[in-house]
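Trainee: I'm new to this one, so could you give me a close look at a single part? Please go on to how that part fits in with the rest.

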Amino acid sequence: MSAILIQAKDGRQYNLRLLEASDSEAFGEFLQTLSPATTRRFGPHPLTPQHATILCQVLKQDSAQRWVIEDKGIIAGYFILEHNISEHEAKRYSAQGVSLVSPLDVIFAPCIADAYQNLGLASAAIRPLMQQLKQQGARSMVLMGGTQATNQRARHFYQACGFVEYGRFNTELENIDMRAIL
């Protein structure tokens, strides 16, 4: 799959593309430089350079598609599109009357590097990612672990992208499940 050109609010262009084995160092740097504020809201796996290396080595066997936003060799954003539904996600949605089915329903986890936040990169990337999933036969995109109820900005963003709020659940914080029909 070739890179998709996306544009930030300031007019700068970036490449949206699949993570590659050769991205290990840049991906590790991306994960390592995420601020504590960002990592409190994003933590689908260890956020270390060592884990970046592992993920880049197993891309061909991975059940997830891992997309990145690239800015001249720097990874500015990272998106997980997981095609296997976890038991935890399935149970929560089932309690809301929604039956999630792999690979029709894809779990989504987005993250933008702190230095690139507020540029509109997530907005620019989400539509092409939804289009890719739809072309692959997916029917919905489901937020991995929902979004924190206190994160009004994220909730508004997801709603603007077509996500609907479902039930609430608690971990150490109150969270809201969100899903977009493609």
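Where is Pro103 found?

Mentor: Pro103 is in the loop between H4 and E5. Those labels are for helices (DSSP runs of H or I, at least four residues) and strands (runs of E, at least two), numbered from the N terminus. Before we go further: this is a predicted model, where local features need pLDDT of at least 70 and side-chain atom pairs pLDDT 80 or more, while totals for chains, interfaces and linings use all residues. Residues are numbered from 1 along each chain as its sequence is written, and side-chain values use heavy atoms, with hydrogens and water left out.

Start with the bond that leads into Pro103. The peptide bond from Ser102 to Pro103 is cis, with an omega near -5°. In general, most peptide bonds are trans, and most residues other than glycine have a negative phi. Walk back towards the helix and you'll meet Gly97 just after H4, with a positive phi of about 85°.

Now look at H4 itself, which covers residues 87-95. Glu89, Arg92 and Tyr93 are buried there (under 20% relative accessible area with a 1.4 Å probe, protein chains only; over 50% is exposed, and in between is partly exposed). Seen down the axis of H4, these buried residues fall within an arc of 95°, so they line one face of the helix. That arc is taken from the directions that run from the helix axis to the C-beta atoms. Turn H4 away from its buried side and you find the exposed residues Glu87, Lys91 and Ala95. The cover over the buried residues of H4 includes E5, E6, E8 and strand E9 (174-181).

Arg92 is a good one to zoom in on. Its charged end sits over the ring of Phe169, 3.9 Å from the ring centre (the rule asks for NZ of Lys or CZ of Arg within 6 Å of the centre and within 35 degrees of the ring normal). Arg92 and Phe169 are also both touched by Gly146, along with Ile176 and Asp177, if you leave out residues up to four places away in sequence. A touch, or contact, means heavy atoms within 4.5 Å. Gly146 itself is in the loop between strand E6 (140-143) and strand E7 (147-148). At 15% relative accessibility, Gly146 counts as buried.

On the other end of our loop is E5, residues 105-112, which holds Phe108. Phe108 is buried, with a relative accessible area of 2%. Its partner is Phe163, also buried, at 3%. A search of the whole structure finds 10 aromatic pairs. In the one we're after, the rings of Phe108 and Phe163 have their centres 6.4 Å apart and their planes at 25°, so this pair is stacked. For the rule, rings of Phe, Tyr and Trp (its six-membered ring) pair if their centres lie within 6.5 Å, with planes under 30 degrees apart called stacked, over 60 edge-to-face and the rest tilted. The two residues are 55 apart along the chain, and Phe163 is in the loop between helix H6 (152-160) and strand E8 (164-170). Ring pairs also bring in Phe79, Phe157 and Tyr158, so to speak, making a cluster with Phe108 and Phe163.

If you follow E5 onwards, you come to the loop between E5 and helix H5 (121-135), where Asn118 lies. Asn118 isn't a glycine, yet its phi is positive, about 70°. It is partly exposed, with a relative accessible area of 47%. Lys72 is another non-glycine with a positive phi, about 50°, and its place is in the loop between E3 and E4. At 77% relative accessibility, Lys72 counts as exposed.

Finally, step back to the whole chain. There are six helices and nine strands, and buried residues make up 47% of the 182 residues. Of the contacts between residues at least 6 apart in sequence, 64% join residues at least 24 apart. The C-alpha atoms fill a box of roughly 45 × 35 × 30 Å along the principal axes.
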